[in-house]
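Here is a short set of exercises to work through with the structure open beside you. Try each task on your own before you read its solution.

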2 protein chains.
Amino acid sequence: MTSTLTPELLYLVHGDPGELAEALAGMRAADIAEALRHLPPEAGAKVMAALPFDLAVEVFDEPEFADHRVDLIQHMPITAVGPLIDAMSADQQADLFRELPEHDRPRLLKQLDRTSQQSLALLLKYPTDTAAGIMTTEFVSMPTTWTVEQALNNIREVGRAKETVYAIYILDPNTQQLVHVVSLRQLMLADQHALIGGLGERRAPLSVAPRTDREDVARLISKYNLLAVPVVDEGGHVIGIVTVDDVIDAIVREQTEDAQKFGGMEALDIPYTEIGFWGMIKKRAGWLTALFLGEMLTATAMGRFEGEIAKAVVLALFVPLIISSGGNSGSQATSLIIRALALRELALKDWWRVALRELPSGLTLGTILGTVGIVRILLWQQLGWYNYGTHYLLVALTVGFSLVGVVTFGSMAGSMLPFVLKRLGFDPASASAPFVATLVDVTGLIIYFTVASALLRGTLL
Amino acid sequence: MTSTLTPELLYLVHGDPGELAEALAGMRAADIAEALRHLPPEAGAKVMAALPFDLAVEVFDEPEFADHRVDLIQHMPITAVGPLIDAMSADQQADLFRELPEHDRPRLLKQLDRTSQQSLALLLKYPTDTAAGIMTTEFVSMPTTWTVEQALNNIREVGRAKETVYAIYILDPNTQQLVHVVSLRQLMLADQHALIGGLGERRAPLSVAPRTDREDVARLISKYNLLAVPVVDEGGHVIGIVTVDDVIDAIVREQTEDAQKFGGMEALDIPYTEIGFWGMIKKRAGWLTALFLGEMLTATAMGRFEGEIAKAVVLALFVPLIISSGGNSGSQATSLIIRALALRELALKDWWRVALRELPSGLTLGTILGTVGIVRILLWQQLGWYNYGTHYLLVALTVGFSLVGVVTFGSMAGSMLPFVLKRLGFDPASASAPFVATLVDVTGLIIYFTVASALLRGTLL
């Protein structure tokens, strides 16, 4: 809820457009975009109209502004919207059209120039979680046969309209296939008369396919410290590039989704501070109810042991302690594995290696908690703080052994669930922690009362 | 556990160094670094010795290789290590020295040239979670009075040794203070005879202070789509720059820590696949035991209600269902707020706005679950699947009202805890989900048995 929108600016929106334009001229596009998020669309449209054209384009180009562009457009004259969209970068044009209501698209498309129409036709074919879905078509490419001097002159000519000029894609002059990538730095440092096809190292250039997952694109750019990566089709032709700034946005968005799914809900897709009340309830109620329905099995399980509880009420006292310990150990394991899967440190095929590791981990952690649990009961009994009955020693042992079993099961279930979800084609992060907790709660009760039956038969039970 | 290290390569490490160097020459530095992670340090040192010098430097410069550099150095002749470190980028030099055992530092420092010694003295003053802790000192700067032609010629001369040449820092020729930043693209497109001080827009350049949090640096670079941001001291002098690739690494590392802390454990700091068994147990056992000790309060709370449970065993059946619903709603709220705080969508002062929103959210979600719970009990009773006794209607109402209370409390506690942790100077992500669950479990029991006392007094109790 922080913003650079000053009260003066808010006032100006309703006042003189000239003064407003002056106040905004000193601001950066990203700041204006942030400020406009907090204005009603009618006022936002006025601000856009008052801005110098180039600055207005930059504001519209901000990915952070994506949720609001569509609303704003509805309040602007369509003849003003056309040139603005034409001047946007191709990836943001595509994003805008994806958010536009289906029936508005043809009307707006007609306002655009031919280049925009063509790149939109290409980009809109791909979903936004793929390389081609976040790429832009404005990149610099040249044939291998050009000299460094020709290349630099060309960049001076076309550079203004390109997303980046720091990576130059070198094509085979006959097949137009990508054969090489050089950086502007390499061009600057090279001999003016050298051929660009011969610059630098002769390794096959790094590239991604149009349908490569955007997370994998991010990993590639991050691993090799690239400023951009080319998207190459089956025929070896560059159809676009993904730049590092788009990748940062993608990483941050992806991690927000994961964090929210991990917390046991649908991803909000809109900032918490901006989503409407009922929109948020909808995203939360679904999973919460699903988990509640699953958790009802605990009532069924407890029902099976009603007789035991009636005979030994003392058993009921430790139910929350035991099932929550299983849930906590499951939550640890699941968060470790989800993150390792997301970072590609682990692959699906590694599941048994993880299982072989989590089994002794669970046993060790369970033994630690079990010991603490036994000590706690004996201590309270000896100090006279609580009376667990004549068979308090057996009760303590029941709690101790149950904890070993429950924590081990929690670690195993928590570490295996992400693999199962991924194998079934779901996002491993989906509601994992609460899901594991529910699974472990039900199983934990069964473990606890089974141990109790074995140890207390003939005494308490 | 995926790697580009082939069995042939492994064989070559123990065989002919010449063949090995040939096999590695075609690989990228990042891939060699990844392969070396899976080799014992003695073998890794052999590989480094066989690599061409420039490639060896690049491998040493990979941040992903940071954990292994120190081990490798111990197995290399110190005269070979000196030049290698001298040629590394300044930020990675500093990282290497931070990981070096205290007593090894002076010995190695003596091997370095004067420039490296000076930049190390500067960088090692700052912790790694600050701007100055991840910055590099190799940037391009020039006085305002130079022409574009002079600037371009200078970049051709010094460019090879700089981390990036795409952002050029323009200084006041008298005070050496930063007054302007131009991009290489702007230089390329500008008139050769123009003064660089007059290029582009005349806004105060974006910069960060040496002790700015690295997360805030990441946010700035991401928001304004920068390739680098200058680190400026109190006197207005540029002491270094943070580049976009360092920021991506920082974002990913930070997110891994958050995910693990959120799951209820200490951050591992080492990949799950590489950390030793006991190292991992240590990171997990601490929090697990702390949460277990907290959760013991549930046994105390249950003990207070032992009399009620003995009279109405049916109450015990719903204990897991009720406390887990509180935990789940708390987990949702806490993951939402932690993420919004991390993205700076929320600040500390917004806590009451969140509280005002989570109160009705909790009531709504609690009413939904309460209704489902009541329907479940009545349905099972009517269908004859379970007999909750003659007062089943009162039992159902007890469960329903308790759920409203517990889910509301869960949402409130889950949303407020991150603010409290942040206010106290802790990371809001620390063990939040299990911490909230424990808090809600104890309170949930009290709510449940209080509602039961009120509704069942005179009938079951």
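The exercises below concern a predicted model, and each one comes with a worked solution.

**Exercise 1. How are the two copies related**

Task: find the rotation and the shift along its axis that superpose chain A on chain B, then name the kind of axis.

Solution. Start from the general idea: two copies of a chain are related by a rotation about an axis and a shift along it. Here the superposition of chain A on chain B takes a rotation of 180 degrees, with 0.1 Å of shift along the axis, and leaves an RMSD of 0.2 Å. The two copies are thus related as by a two-fold rotation axis.

**Exercise 2. The surface between the chains**

Task: work out how many residues each chain gives to the contact, and which helix of chain A gives the largest share.

Solution. Begin with the count: chain A supplies 95 residues and chain B supplies 95 residues. On the side of chain A that touches chain B, helix H19 (residues 319–342) of chain A has the largest share, with 16 residues. Sorted by class, that side of chain A holds 52 nonpolar, 26 polar and 17 charged residues. Now compare the two sides: 100% of the interface residues of chain A are also interface residues in chain B, so the copies meet through the same surface.

**Exercise 3. Two helices that cross between chains**

Task: describe how helix H20 (residues 351–383) of chain A meets helix H16 (residues 277–304) of chain B.

Solution. First look at the axes of H20(A) and H16(B), which come within 10 Å and cross at roughly 35 degrees. The crossing of H20(A) and H16(B) is right-handed. Next, list the residues in contact. H20(A) contributes A:Ser361, A:Thr364, A:Leu365, A:Ile368, A:Leu369, A:Val372 and A:Arg376. From H16(B) come B:Met280, B:Ile281, B:Arg284, B:Ala285, B:Leu288, B:Thr289, B:Phe292 and B:Met296. Sorting the residues of this contact by class gives ten nonpolar, three polar and two charged.

**Exercise 4. The buried side of a helix**

Task: find the buried residues of helix H10 (residues 114–123) of chain A, and decide how they are placed around the axis.

Solution. The residues to mark are A:Ser116, A:Ser119, A:Leu120 and A:Leu123, which are buried. They cover an arc of only 105 degrees around the axis, which puts them on the same side of H10(A). A helical rule helps here: an α-helix has 3.6 residues a turn, so residues three or four places apart point the same way. Then turn to the face away from the buried side, where the exposed residues A:Arg114 and A:Ala121 sit. Finally, ask what lies over the buried residues of H10(A): the cover includes helix H7 (78–86), helix H8 (90–99) and helix H11 (131–134) of chain A.

Task: repeat the analysis for helix H5 (residues 53–60) of chain B.

Solution. In H5(B), the buried residues are B:Ala56, B:Val59 and B:Phe60. They span an arc of only 95 degrees around the axis, which places them on the same side of H5(B). Among the elements covering them are helix H3 (29–37), helix H4 (41–50), helix H6 (66–74) and helix H7 (78–86) of chain B. Helix H4 of chain B also holds B:Val47. B:Val47 is buried, with 23 other C-beta atoms within 10 Å.

**Exercise 5. A residue that touches the other chain**

Task: is B:Leu317 buried or exposed, and which residues does B:Leu317 touch?

Solution. Locate B:Leu317 in helix H18 (residues 314–317) of chain B. Count the other C-beta atoms within 10 Å: there are 25, and B:Leu317 is buried. Leaving out residues up to four places away in sequence, B:Leu317 touches A:Ala299, A:Met302, A:Gly303 and A:Glu306.

**Exercise 6. Loop residues with positive phi**

Task: where do A:Gln176 and B:Asn225 lie, and what is the phi of A:Gln176 and of B:Asn225?

Solution. Take A:Gln176 to begin with; its place is the loop between strand E2 (167–171) and strand E3 (178–183) of chain A. Its phi is positive, about 65 degrees, although A:Gln176 is not a glycine. With 14 other C-beta atoms within 10 Å, A:Gln176 is partly exposed. B:Asn225 lies in the loop between helix H14 (214–223) and strand E4 (228–232) of chain B. Phi of B:Asn225, which is not a glycine either, is positive and near 50 degrees. B:Asn225 has 18 other C-beta atoms within 10 Å and is partly exposed.

Methods:
Residues are numbered from 1 along each chain as its sequence is written. Chains are lettered from A and ligands numbered from 1 in the order in which they are written. This is a predicted model: local features need pLDDT of at least 70, side-chain atom pairs count only at pLDDT 80 or more; totals for chains, interfaces and linings use all residues. Copies are superposed by least squares on the C-alpha atoms of residues with pLDDT of at least 70 in both. Two residues are in contact if their C-beta atoms, placed from the backbone, lie within 7 Å. A residue is buried if 20 or more other C-beta atoms lie within 10 Å of its own, exposed if 12 or fewer, and partly exposed in between; C-beta atoms are placed from the backbone. Helices (H or I, at least four residues) and strands (E, at least two) are DSSP runs, numbered from the N terminus. The arc is that of the directions from the helix axis to the C-beta atoms. Axes are lines fitted to C-alpha atoms, for helices over the stretch in contact, and angles run from 0 to 180 degrees between N-to-C directions. A crossing is left-handed if the near helix is turned anticlockwise from the far one by less than a right angle, and right-handed if clockwise. Ala, Val, Leu, Ile, Met, Phe, Trp, Tyr, Cys and Pro count as nonpolar, Asp, Glu, Lys and Arg as charged, and the others, Gly among them, as polar.
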